[in-house]
Amino acid sequence: MKIQQISLFIENKPGHIAAPARLMAEEGIDIRALFLADTQQYGILRLIVSEPEKAAATLEAHGFVVKVTEVLAVLVVDRPGGLADILGALDGTGINIEYMYAFSDVRGDQAILIFRFADPDAAIAHLQKAGINLLGSKELLKK
Amino acid sequence: MTSTLETSAADCHPASVPDFTPVAELRALQLRRLQAVVERAWQRVPLFHERMEERGLTPRDVGSLEDIAKLPFTVKSDLRDTYPFGLFASPMKDVVRLHASSGTTGKPIVVAYTQEDIAVWTSVMVRCFAGCGLHRGDILQNAYGYGLFTGGLGAHYGAEGLGATVVPTSGGNADRQIMLMKDFGVTAICCTPTYFLHLIDRAAELGVNMKELSLRAGVFGAEPWTESMRRHIEGASSIEAFDIYGLSEIIGPGVGCECRRHEGLHIFEDHFYPEIVDPESGEPLPDGCEGELVLTTLSKQAMPMIRYRTRDITQLITGQCACGRTMRRIGRIGRRSDDMLIIRGVNVFPSQVESALLQIEGTLPHYQIVLTREQGLDQMEVEVEVTPQMFNDKIGALQGLHERLQGALDHVLGIRVKVALVETNTISRSEGKAKRVIDRRTS
């Protein structure tokens, strides 16, 4: 259920995303999703990739400060209200979303939401109870 | 550490016997040597002779140790102005070694040694290592740079004199340093404290646990370092970390060193006479007062230094150390009078920045101070490399860290500075001394 996400610290300067992207390319690692959280001066690049452990080791070997965190991926129908339905399942549960991002899936009319929860196990339980479809790594990385 | 602490000349290394000289005997020896070195410099070094004459002094005016305060100071620019050999008191046929500074700020300074000088240097380095509890059987990795820099060869001769096995790695190539440390069963290392921090980081990256190595002692010098840095080093590597002091102008490393009590650095004052003076006025200060350390070489042949202004700020600790040594101690050097930065009229020392950074997260990240001038106003920026321990994948947590660093620096320095979080390995690391301040102010 839980997906490994790679986060790395980068300075907010021209060209600073290019280096990690090039490293992933050289290692033949596929970047499935990418999100950048930034301030004026620095940012955190979050990646979901085909081989997270190899990606983290490669980045660390090249001097990047890397953290591997666990996130959840949820498949929703790409229509008005799709996101509201998912969030509705968490209403009143006290589950806190630390951050989230979304991307639409090439397979059709679906979107994938990536969530980082303070307590992922509790979030899994609540989402499953509400009949919400959580993706495993294999399904997420499938093209 | 399980080995016992030596407390007298009877149970120490033979070379350390002078460390325990009774004080009255030591003072008498110092006076005899001071008179001899003043006589030598007066006869052989024109600059010193002129300065004595200007003051109406001759060597006969030195009748007691207190009379040293009458003598003229020697400063670093005297060595530059007389480059290369102007302060030598021995003919070149008696000089067996020359060393020189890197000369980043103009001409290098040159220092010279006779065979007797090399023997004295070796003996004080042996006394340093013996005081750190090292002995024959220890395997010592010497990662000070070999060459014109005095650190490498000074430590090398001392370790061989002690009877230890020397691994002369010199600086650089951290991966090989770590491999040899592990494969050779190295028990002690000499290098700058910042280089050892770099080795700790690199070992962790290579998956080598420093705590599991045979390494038990580190003798660190050539740049000021703090108690917090000692705790960090000792915690991360399970070694006992010693502070060693020296400067090329006096002899190189080995002017003073901590014993296992770690309550100041014993100055080998049978060869180097210490005074503390007011850095502004040059007036001698009473024992215990903080001021600039001034050193006189008592036995140096090739290049005697009379009242050399070290620019290092410390105090003299009198009274016998619990280790039994009678040699007076200096407090650890935290700053140099010429390190002081004046930012918008406020005095700032790089060591204050270091202690502020250490307060946060308890580790010392690599940092650099960058000074600029914008519209006539000095600006100070502290660039801090984000370490894996500091990094958090939530932007709010990083901003919190940024604010804590900012707050600690504002509090310690008393002025507003800019803090920038930067990627690892973006601040240059020299193999020797860390370059902490980049001054881009144009006056």
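**Entry 1: core**

I began with the nonpolar core, taken as a set of buried Ala, Val, Leu, Ile, Met, Phe, Trp, Tyr and Cys residues joined through C-beta atoms within 7 Å. The largest one in this predicted model has 136 residues. I listed the residues with the most contacts inside this core: Leu8(A), Phe129(B), Leu134(B), Val219(B), Val255(B) and Leu295(B). Helix α4 of chain B (residues 115-131) gives the largest share, eight residues. For burial I used C-beta atoms placed from the backbone: buried is 20 or more other C-beta atoms within 10 Å, exposed is 12 or fewer, and partly exposed is in between. Helices (H or I, at least four residues) and strands (E, at least two) are DSSP runs, numbered from the N terminus.

I then looked up the partners of Leu134(B), with contact meaning C-beta atoms, placed from the backbone, within 7 Å. Leaving aside neighbours within four places in sequence, Leu134(B) is in contact with Phe129(B), Leu140(B), Leu162(B), Ala164(B), Ala188(B) and Ala217(B).

**Entry 2: conventions and confidence**

I number residues from 1 along each chain as its sequence is written, and chains are lettered from A and ligands numbered from 1 in the order in which they are written. The model is predicted, so local features need pLDDT of at least 70 and side-chain atom pairs count only at pLDDT 80 or more, while totals for chains, interfaces and linings use all residues.

I noted an ipTM of 0.83 and a pTM of 0.72 from the predictor for the complex. Chain B has an average pLDDT (the predictor's confidence in each residue, from 0 to 100) of 90, and 94% of the residues score at least 70.

**Entry 3: chain A against chain B**

I checked the interface: 16 residues of chain A are in contact with 14 residues of chain B. On the chain A side, β1, β3 (42-49), β4 (66-77) and β5 (97-104) each give two or more residues. The largest share, four residues, is from β1(A). By type, this side of chain A has seven nonpolar, five polar and four charged residues. In this count Ala, Val, Leu, Ile, Met, Phe, Trp, Tyr, Cys and Pro are nonpolar, Asp, Glu, Lys and Arg are charged, and the others, Gly among them, are polar.

**Entry 4: domains**

I took the domain bounds from an automatic or database domain assignment. Chain A has domain 1 (2-69) and domain 2 (71-141), with 22 Å between their centres over C-alpha atoms. Nine residues of domain 1 of chain A are in contact with 11 residues of domain 2 of chain A. On the domain 1 side, β1 (2-11) and β2 (31-38) of chain A each supply at least two residues. That side divides into four nonpolar, three polar and two charged residues.

For chain B, I found domain 1 (9-24 + 98-336) and domain 2 (341-439). Their C-alpha centres lie 28 Å apart.

**Entry 5: strands of chain B**

I counted two strands as paired if DSSP finds at least two bridges between them. One open sheet has four strands in the order β10-β11-β12-β15 (chain B), paired antiparallel. Why does one side of β10 (272-277) and of β15 (335-336) of chain B lack a neighbour in the sheet? Both stand at the edges with a single partner strand each, so one side of each is left free of a neighbour there. Inside the sheet, four bridges join the antiparallel strands β11 (residues 291-297) and β12 (residues 308-314) of chain B. Leu295(B), already listed for the core, stands opposite Tyr308(B) in β12(B).

Elsewhere, β1 (residues 95-100) of chain B runs antiparallel to β2(B), joined by five bridges. Leu98(B) is opposite Ala112(B) in β2(B). Four of the five residues of β2 (residues 110-114) of chain B are buried, so this strand is largely enclosed by the rest of the structure.

**Entry 6: single residues of chain B**

I looked at Leu413(B) in helix α10 (residues 395-413). Is Leu413(B) buried or exposed? Leu413(B) is buried, with 20 other C-beta atoms within 10 Å. Beyond four places in sequence, Leu413(B) touches Val348(B) and Gln352(B).

I found a cis peptide bond from Tyr83(B) to Pro84(B), with omega near 0°. Pro84(B) lies in the loop between α3 (76-81) and β1 of chain B.

Two residues other than glycine had a positive phi: Ser170(B) at about 60°, and His262(B) near 55°. Ser170(B) is in the loop between β4 (165-167) and α6 (174-183) of chain B and is partly exposed, with 18 C-beta neighbours inside 10 Å. His262(B) is in the loop between β8 (252-258) and β9 (265-267) of chain B, and is partly exposed with 15 other C-beta atoms within 10 Å.

Notes:
Contact = placed C-beta atoms within 7 Å.
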